Amino acid sequence: MIDLTPELIEQNYNKFVSFAMKTGEHRTDALKTFFAHFEERLALCPASSRTYYHLAVPGGLVDHSLRVMKNCNRLMQVYKENVDFSQEEMIMSCLFHDIGKLGDVDNERYVAQTNDWKVKQGQVYDYNPLLKYMTTSQMGLFLMQHFEIKLSYNEYMSILLNDGPIVEENRTYAMKEPLLAILVHQADRMACEQEKKG
């Protein structure tokens, strides 16, 4: 299991913000507002609710998103002749692909599990019952529009489709998704496997 110390959580958060702020002047103010609102929640948000998934620890979401970005950057080198998106679009898509895991504007998605039996089984977080249901992608896109963060077509589609065509709501996009969406999904899967191995 990856050990995220308080120092590493802080370093990762600062990297996340720094990379995001370089994705275009057209959204700098909106991103500043977003980060001011979610600073602690984003820094400490886990990447999942269960230890047998990946990074179900404080700071897991940011660590995971940075790993997805690193993997996607590597994949871009493989597909370089076909790349039809900018480096900024790749960074934004990777960093924000799972941002819906923050929850909604006012409520966290993950709350500490209170059932000891479930904790022993690896389910250390539970879903917050105060949240209305949305998929992670939909919640992320909702949060971004709430804070008026402008997205390109490639960014929007990559966040929407980050789970790939294996999930029911994405099946109609199979074989029609933009290249960036494919790479973000592949980079995400790679990151999940890397995190399981620690």
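**Helix, cysteines and cavity**

Mentor: Helix α1, residues 6-21, has 16 residues and spans 23 Å from first C-alpha to last, close to the 22 Å expected at 1.5 Å a residue. This is a predicted model: local features need pLDDT of at least 70, side-chain atom pairs 80 or more, while totals for chains, interfaces and linings use all residues. Residues are numbered from 1 along each chain, and side-chain values use heavy atoms, without hydrogens or water.

Trainee: What makes α1 a helix, and where does the expected span come from?

Mentor: A helix is a DSSP run of H or I, at least four residues. Its expected span is 1.5 Å times one less than its number of residues.

Trainee: How do you know that the buried residues of α1 line one face?

Mentor: Ile9, Asn12, Tyr13, Phe16 and Ala20 are buried (under 20% relative accessible area; exposed is over 50%; 1.4 Å probe, protein chains only). Down the axis they fall within an arc of 100°, so they line one face; the arc is taken from the directions from axis to C-beta atoms. Exposed Glu7 and Glu10 sit on the face turned away from that side.

Trainee: Why is Cys94 with Cys72 not called a disulfide?

Mentor: A disulfide needs two cysteine sulfurs within 2.5 Å. The Cys94 sulfur is 3.8 Å from that of Cys72, so it is too far for a bond. The count is zero disulfides.

Trainee: Why is Cys94 called buried?

Mentor: Its relative accessibility is 0%, so Cys94 counts as buried. Cys45, at 5%, is buried too.

Methods:
Helices (H or I, at least four residues) and strands (E, at least two) are DSSP runs, numbered from the N terminus.
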